[in-house]
Amino acid sequence: MVAPNSRFGKNVLALWSAFAIRLALAFVFVPVIAESLGASRYGIWGILFQIINYLALLDFGFEKAIINFVAGFLGRNDRDGVSRVIVTATRLYLWFGLAALFISIVCAIVLLPRLSLDAAQDLGEAQWSLAIIGIFACMRFWFTPVTAALGGFQRYDS
């Protein structure tokens, strides 16, 4: 059994406390948000957030691999290896970003008009929102190799 005053015990307690707070906030704010947006707009936002989650699957776990490889090459003092990982990941993530942008634009043009929305205004809002989400996802993918490489440079032994 892990002692609650150990570093590990405190970290576990903090993670579970943060989870409980997020869960409690969801129970409080979801009805408020649903009431203020209305059923149609709340449904649209629900679909948009699911599309965001599906776009995140384009990562395929490569971010963790970048962190692992950068840390491994740094451990062997192989700066060329670090450089190769970052350059290769950057090229790969450029394609992931473009794919995320393409998917979001196609969904905005093809998928959203097929939904039976109450107002044309809702459709326009949803299409613009999805386009903005696509741009954000694209940029997020483009910066992922840099942020993952920074994670590989961290030291966790202290």
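This is a short walk through a predicted model, one selection at a time.

Before you click: the model is predicted, so local features need pLDDT of at least 70 and side-chain atom pairs count only at pLDDT 80 or more, while totals for chains, interfaces and linings use all residues. Residues are numbered from 1 along each chain as its sequence is written, and side-chain values use heavy atoms, with hydrogens and water left out.

**Stop 1: helix 2**

Select residues 39-56, which make up helix 2. Helices here are DSSP runs of H or I with at least four residues, numbered from the N terminus. The 18 residues of helix 2 should span 26 Å at 1.5 Å a residue, and the end C-alpha atoms are 26 Å apart, which agrees. That expected span is 1.5 Å times one less than the number of residues.

Now colour Ser40, Ile44, Leu48, Ile51 and Leu55, the buried residues of helix 2. Buried means under 20% relative accessible area, exposed over 50% and partly exposed in between, with a 1.4 Å probe and protein chains only. Look down the axis of helix 2: its buried residues fall within an arc of 75°, so they line one face. The arc is taken from the directions that run from the helix axis to the C-beta atoms. An α-helix has 3.6 residues a turn, so residues three or four places apart point the same way. Bring up helix 4 (79-111) and helix 5 (120-152) too, as both are among what covers those buried residues; contact means heavy atoms within 4.5 Å.

**Stop 2: the cavity**

Keep helix 2 and helix 5 on screen, since these are the elements that give two or more residues to the lining of the largest cavity. A cavity is a set of points on a 1 Å grid over the protein atoms alone where a 1.4 Å probe fits but cannot get out; a pocket is an open set with protein on both sides within 12 Å along at least five of seven lines, and lining residues have an atom within 4 Å of a point.

There is one cavity of 30 Å³ or more, and the largest holds about 40 Å³. Select its lining: Arg41, Ile44, Trp45, Leu48, Asp122, Glu125, Ala126 and Ser129. Ile44 and Leu48 also appeared among the buried residues of helix 2.

**Stop 3: the pocket**

Next, pick Ile52, Leu55, Ala56, Asp59, Glu63, Phe136, Ala137, Arg140, Phe141 and Thr144, which line the largest pocket. Its volume is about 180 Å³. Helix 5 gives the largest share of this lining, five residues, and helix 2 supplies at least two.

Zoom in on threonine 144, in helix 5. At 2% relative accessibility, this threonine counts as buried. Leaving out residues up to four places away in sequence, threonine 144 touches Glu63 and Tyr93.

**Stop 4: helix 3**

Move to residues 62-75, helix 3, whose 14 residues reach 20 Å from first C-alpha to last, close to the 20 Å expected. Ile66, Val70 and Phe73 are the buried ones. They cover an arc of only 70° around the axis, which puts them on the same side of helix 3. Flip to the face turned away from that side for the exposed Lys64, Asn68 and Gly75. Helix 4 and helix 5 are included in what covers the buried residues. Just after helix 3, asparagine 77 takes a positive phi of about 60°.

**Last stop: alanine 99**

Finish in helix 4 with alanine 99, which is partly exposed at a relative accessible area of 27%.

Key. Points joined across faces, edges and corners; volume = space filled by probe spheres on them.
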